[in-house]
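Hi,

Here is the structure I promised to pass along. Have a look at it first, and my notes follow below.

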Amino acid sequence: MLMADVSLRKVIKRYDDVEAVRGIDLDIADHEFIVLVGPSGCGKSTTLRMIAGLEDISDGDIMIGGDVVNDVPPKDRDIAMVFQNYALYPHMTVAENMSFGLRLKHYPKAEIKARVTEAARLLDITDLIDRKPKQLSGGQRQRVAMGRAIVRNPKVFLFDEPLSNLDAKLRVQMRIEIKKVHQKVRTTTVYVTHDQVEAMTLADRVVVMNKGRIEQIGTPNELYHKPATRFVAGFIGSPAMNFIPCRLEDAGGTLQIRLTDRIAFALPSARAARYNALPRTDKLLLGIRPEHLTESHAHLGSGVESFDTVLDVTEPMGMETLVYFGLDGTPVCGRVDPNAGAKDGAPMRLAMDLNNMHLLNEETGAVL
Amino acid sequence: MPPGMSRQGALALRPHDKGVDRSPASSFIFRQKAHSMADVVVQQGRLVRNARPRKASGLRNMLGRKSTVAFFLTLPLILLIALLVLYPAFFSLYLATLNKAMTKFVGLGNFTFLFKRETFWMVVKQSCIFAVTAVVFKALIGFIVAHFVHNIPGKKQRKWRGMLLVPWVIPPAMSTLAWLWLFDPSYSAFNYTLSFFGVGPIPWLGETFWARFSVILVNVWYGAPFFLIMYLAALKSVPDQLYEAAAIDGANWWQKIWYITLPMMRNIIAITTLFSLIVTFANFDIVRILTSGGPLDTTHLFATWAFQVGIQSSDIPLGACVSLFMVPILAVAAIFILRDVSKRGNEA
């Protein structure tokens, strides 16, 4: 089996005056499942299309399996791509769609048939093999598009927002399908999406992109628990992390964090040691995820501090209730037990787990 | 009309509109239609509310049915076609059965007379050569140029499209006159230019081969832009992602054309070819102006020969008879090509 690692070295894409991709360095290991995620216009699709060879590279190098492929046309890069709107050939049957690449390369008929049958079995589309794309549902078309990629047995799979055209339920289903397929075929995969849930659930490593740059590369857990920037902290996780303006204060030998005139908490010792060197004058943001803002109990653990507030709105989700309230005008979201008695407009005592807090510089957006 | 009612009207329409495609243009037309039907449908809606369940109730219900309304909407066109096409067609059938003085019924006498004349068979042959050759070249040139124009970016493309459409926009009788001058054996631009290369003078319209070549050339010049525009529209309707998918699947430019472009354009190609074949086969003005059928009737087409026989030689029944021969030939072509279109249309 050929090595199929992909490397990007200072890759830049310029359209006239606009830089869509501003110098990307990325190493993708063999068999790895990498997800590029970011808001629309962040350059993730452009990056993928440059790996595919559908867009020229303005500057930098792209390597597949150790060879620089900057000037290699897509057909010689040994890649397969799944498009957002499937891009199935409407005049060909499912089998013809899947075998098109192999037929162009003059594979023997028997092998083509064997590969198509195998891929169809893997994707559970054996019954559809003689149909035209028009006769298929969205999910089935997506499977065929994946089948077309699989039969080629390429070095790299590229997925360009493959689930965006499906309804929510089907999306979850196909997400699991894609994961299963990758577990079976183990082909190096680069997957582009704007949906952070897809990114978190599918990826070995997630690449968060913003404005043509990479914000952070890491495993889903790293990104969630140790975001490097405010952008990543706010982008990963739903509902999003709360950012509350705050400042550090010394109070009787302990470091405390002041959120409002009324509310200030002593920092847990580990945190205090970490933040002690920071100037007390800096404009800071407290980053705290909604799940670390819960209803208060009689016995709070160390580093968990409680405070009183008045709820604006509550959203019962079934397994939890989201509560929204304001701290000096900053909207904040918390997640409480559905039986905790949260009501719209009612006062409530909440607890904040400062062991899981993040402290950010408001101006630079860096996580401290 | 109260808003609730119009909504009811729209709802009542819903079950019928399955086949309507939802492109903006067609949905606009559809909406307009819905408005014009609204009165009928609203009355129907009232009926439905008073006496449910929905039951067929005579004339009103029939008026509300989409097919009935569609028939009435197309009626003016049907009448127009009947008046301008069907009536002359049957009249010429009648004329073709008369003798030269148009006083006596001779049955198929005119036809049997034609079959015995050598000129008739030459006209059949020349019409076929003319139509097939011209259409093939028009299609080929249109296809190639459409690809070039398709690849010209944005604003420039509009200019080129406009310029390339000029031959098709000028009335052919006028532009053919210009060609007539170009083909002039002694003082024309063609022969003058060729004389520098030691070629010629070529008897463009004076010799059978060159005369046939010339009428075909002018027809191709006149008709290729039509193919260009049709093919350009078809090219634009092929999603870019199909080409990208094909590029990744390993197709080179030729394979992309063969496996993606041509199959995707198949319907347009078929319809355009059929349409052009009919128009070219029935061509009159170019041949009439350039050669008047000469030399020695060798460039005559059905239309020009029918004109010569029927009007200039005052044998109207025989002329009608000649022009009627176009019908079976074109009907066969139409059946073949349209059968394929409807078959494809069901699949794609």
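How many cavities of 30 Å³ or more does the count come to? The count comes to two. Please keep in mind throughout that this is a predicted model.

**The cavities**

The largest cavity holds about 50 Å³ of space. Residues from both chains line the largest cavity: A:Ala80, A:Met81, A:Phe83, A:Ala145, A:Arg148, A:Ala149 and A:Arg152 on one side of the list, and B:Ala245, B:Ile248 and B:Asp249 on the other. In terms of elements, E6 and H4 of chain A and H12 of chain B each give at least two residues to this lining. By residue class, the lining has seven nonpolar residues, three charged ones and no polar ones.

The second largest cavity has about 30 Å³ of space. Its lining consists of A:Phe33, A:Phe157, A:Phe159, A:Ile178, A:Val181, A:His182 and A:Thr189. Two elements of chain A, E7 and helix H5 (168–185), give two or more residues each to that lining. H5(A) has the largest share, with three residues. Here the split is five nonpolar, two polar and no charged residues.

**The contact between the chains**

Two of the residues that line the largest cavity, A:Arg152 and B:Asp249, also turn up in the interface, where their side chains form a salt bridge with an N to O distance of 3.1 Å. Between chain A and chain B the count is two salt bridges, and eight residue pairs are in polar contact, with both residues at pLDDT 80 or more. On the chain A side, helix H1 (44–52), strand E6 (79–82) and helix H2 (94–104) each give two or more residues to the surface that touches chain B. That side divides into 14 nonpolar, seven charged and three polar residues.

As for extent, 24 residues of chain A touch 19 residues of chain B. The buried area between the two chains is about 1,900 Å², with 61% of it from carbon and sulfur atoms. Of the area that chain A buries against chain B, A:Lys75, A:His91 and A:Leu104 supply 28%, more than any other three residues.

**The largest pocket**

If you are looking for open space, the largest pocket has about 640 Å³. Its lining is made up of 20 residues, and those nearest the centre are B:His147, B:Asn151, B:Tyr243, B:Trp253 and B:Lys256. Helix H6 (118–150), helix H12 (240–249) and helix H13 (253–281) of chain B are the elements that give two or more residues to the lining. Eleven of the lining residues are nonpolar, five are polar and four are charged. Helix H12 of chain B is thus worth a second look on screen, as it contributes to the lining of this pocket and to that of the largest cavity.

**Two backbone details**

Before you set anything up, here are two spots in chain A. The peptide bond between A:Ser238 and A:Pro239 is cis, with omega at about -5°. A:Pro239 sits in the loop between helix H8 (230–235) and strand E11 (242–251). The other spot is A:Asn153, where phi is near 50°, a positive value in a residue other than glycine. A:Asn153 belongs to the loop that runs between helix H4 (138–151) and strand E7 (156–160).

Happy to talk any of this through whenever it suits you.

Best wishes

Definitions and conventions
Residues are numbered from 1 along each chain as its sequence is written. Chains are lettered from A and ligands numbered from 1 in the order in which they are written. This is a predicted model: local features need pLDDT of at least 70, side-chain atom pairs count only at pLDDT 80 or more; totals for chains, interfaces and linings use all residues. Side-chain values use heavy atoms; hydrogens and water are left out. On a 1 Å grid over the protein atoms alone, a cavity is a set of points where a 1.4 Å probe fits but cannot get out, and a pocket is an open set with protein on both sides within 12 Å along at least five of seven lines; lining residues have an atom within 4 Å of a point. Grid points are joined across faces, edges and corners, and a volume is the space filled by probe spheres set on the points. Helices (H or I, at least four residues) and strands (E, at least two) are DSSP runs, numbered from the N terminus. Ala, Val, Leu, Ile, Met, Phe, Trp, Tyr, Cys and Pro count as nonpolar, Asp, Glu, Lys and Arg as charged, and the others, Gly among them, as polar. Contact means heavy atoms within 4.5 Å. Buried area is the accessible area (1.4 Å probe) that two parts lose on being put together, summed over both. A salt bridge is a side-chain nitrogen of Lys or Arg within 4 Å of a carboxyl oxygen of Asp or Glu. A polar contact is a pair of N or O atoms within 3.5 Å; within protein, one must be able to donate a hydrogen and the other to accept it, and residues adjacent in sequence count only if both atoms are side-chain atoms.
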